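Let's take a friendly walk through a protein chain, one piece at a time. Have the sequence and the 3D view ready.

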Amino acid sequence: MLPCKDLGVEGEQPTTSAAAAGTGAKLSAVVRLITGIPKEERILVFVQFVDLLQKVHECLVEAGVPTAILKGTANQRSTTIEAFQTGGEVKKGEPRVLLLNLRDESAAGANLTSANHCIFLHPLLVDTQQQFDSCDTQAVGRVRRYGQGRTVQLYRFSVATTIDADILEIGRAHV
C-alpha cells in the first residue's frame with residue numbers, strides 16, 4: 001500500500017488552485033498525481049461513494065482532465081467504455097480518466113486495458129475480508145489481464161487518523 005504521505009499529503013494544506021478549491025488534501029493529491037501522469041496514459045479511479053465520485057469528477061474537470069463516469073443504462077456504459085478504450089493518444093473529447101464505483105457491478109467483465117493506472121481513492125468499506133478481496137480483485141482485474149502491454153501502476157490512498165485508518169484496521173482484524 002502506498003501511504004498518502006509519500007504523495008505529499010500528510011499535514012499539507014489544500015492547494016489554492018481553482019481545481020482544488022474547497023477540497024481536502026487527499027483529493028488535491030489525487031488531482032496532482034493524475035495531472036503528473038503522462039497525457040497519453042489512461043487512468044481508472046475507483047470510489048465507493050456516489051457523492052464523492054461526483055466531487056472527484058468536478059475537481060478533475062476543473063483541472064482540465066478529460067474525465068467520464070461509468071454510469072447509466074447498459075448502452076450508456078458501453079458508449080463510455082468504448083470512448084475510453086480507443087487506445088493511443090487521448091484525442092479531444094475522449095476521457096483520459098474513467099471514474100468507477102467500487103461496489104457497482106457495471107464494469108464487471110469489462111476489459112479496460114487501455115488504462116495502466118488504477119487509483120483507489122480510499123479503502124473499501126465492506127463487511128468481510130472476503131468481500132474486500134473480491135471487490136479489489138475485480139477492480140484490479142479490469143486492467144491487469146490478457147492484452148495489457150504496459151506495467152500497471154496501482155495507487156491506494158489512505159490518511160492516518162481518519163476513517164480510512166479505521167477501515168484498514170477493521171480489515172486487518174478479518175485477516
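## Starting with helix H1

Let's begin with helix H1, which covers residues 25-36. Its twelve residues stretch 16 Å from the first C-alpha to the last, and that is close to the 16 Å you'd expect at 1.5 Å a residue. Keep in mind as you look around that this is a predicted model.

Is H1 mostly covered or mostly open? Mostly covered: nine of its twelve residues are buried. Among them are Ala25, Leu27, Val30, Val31, Leu33 and Ile34, and you'll also find Lys26 and Ser28 on the buried list.

## The chain as a whole

Now zoom out. The chain has five helices and five strands. Reading from the N terminus, they come in the order α-β-α-β-α-β-β-α-β-α.

Of the 175 residues in the chain, 45% are buried. The exposed area comes to about 9,200 Å², with carbon and sulfur atoms supplying 53% of it. Contacts also link parts that sit far apart in the sequence: if you take contacts between residues at least 6 apart, 77% of them join residues at least 24 apart.

## The sheet

Here's a bit of background first. Strands of a sheet pair through backbone hydrogen bonds, and the pairing can be parallel or antiparallel.

In this chain, five strands form an open sheet with parallel pairing, in the order E2-E3-E1-E4-E5. Which strands are at the edges? Those are E2 (67-69) and E5 (153-156), and each of them pairs on one side only. From one strand to the next, the twist averages 20 degrees.

Take a look at E1 (residues 42-47) and E4 (residues 115-120): these two run parallel and are joined by five bridges. If you pick out Val45, its bridge partner in E4 is Ile119. There's also a helix lying across part of the sheet: H2 (residues 50-62) lies across E1, E2 and E3 (97-101), and it runs at about 170 degrees to E3.

## A salt bridge to find

How many salt bridges does the structure hold? Just one. The side chains involved are those of Arg42 and Glu94, with 3.3 Å from N to O. Arg42 lies in strand E1, while Glu94 lies in the loop between helix H3 (74-84) and E3, so the pair ties together parts that are 52 residues apart in sequence.

Are these two residues buried or exposed? Arg42 is buried, with a relative accessible area of 1%. Glu94 counts as buried too, at 13% relative accessibility, because the cut-off for buried is under 20%.

## Two more residues to click on

Next, try Leu100, which lies in strand E3. Leu100 is buried, with a relative accessible area of 3%. Its C-alpha atom is separated by 8.1 Å from that of Lys71, although the two residues are 29 residues apart along the chain.

Finally, head for Thr113, in the loop between E3 and E4. Why does Thr113 count as buried? Its relative accessibility is 13%, and buried means under 20%, so Thr113 makes the cut. Which residues does Thr113 touch, leaving aside its neighbours within four places in sequence? Thr113 is in contact with Gln85, Arg142, Val143, Arg145, Tyr146, Gly147, Gln148 and Arg150.

Note on methods
Residues are numbered from 1 along each chain as its sequence is written. This is a predicted model: local features need pLDDT of at least 70, side-chain atom pairs count only at pLDDT 80 or more; totals for chains, interfaces and linings use all residues. Side-chain values use heavy atoms; hydrogens and water are left out. Helices (H or I, at least four residues) and strands (E, at least two) are DSSP runs, numbered from the N terminus. Buried means under 20% relative accessible area, exposed over 50%, partly exposed in between (1.4 Å probe, protein chains only). Contact means heavy atoms within 4.5 Å. Accessible areas come from the Shrake-Rupley method with a 1.4 Å probe; for residues, only the protein chains shown count as cover. Two strands pair if DSSP finds at least two bridges between them. Axes are lines fitted to C-alpha atoms, for helices over the stretch in contact, and angles run from 0 to 180 degrees between N-to-C directions. The expected span of a helix is 1.5 Å times one less than its number of residues. A salt bridge is a side-chain nitrogen of Lys or Arg within 4 Å of a carboxyl oxygen of Asp or Glu.
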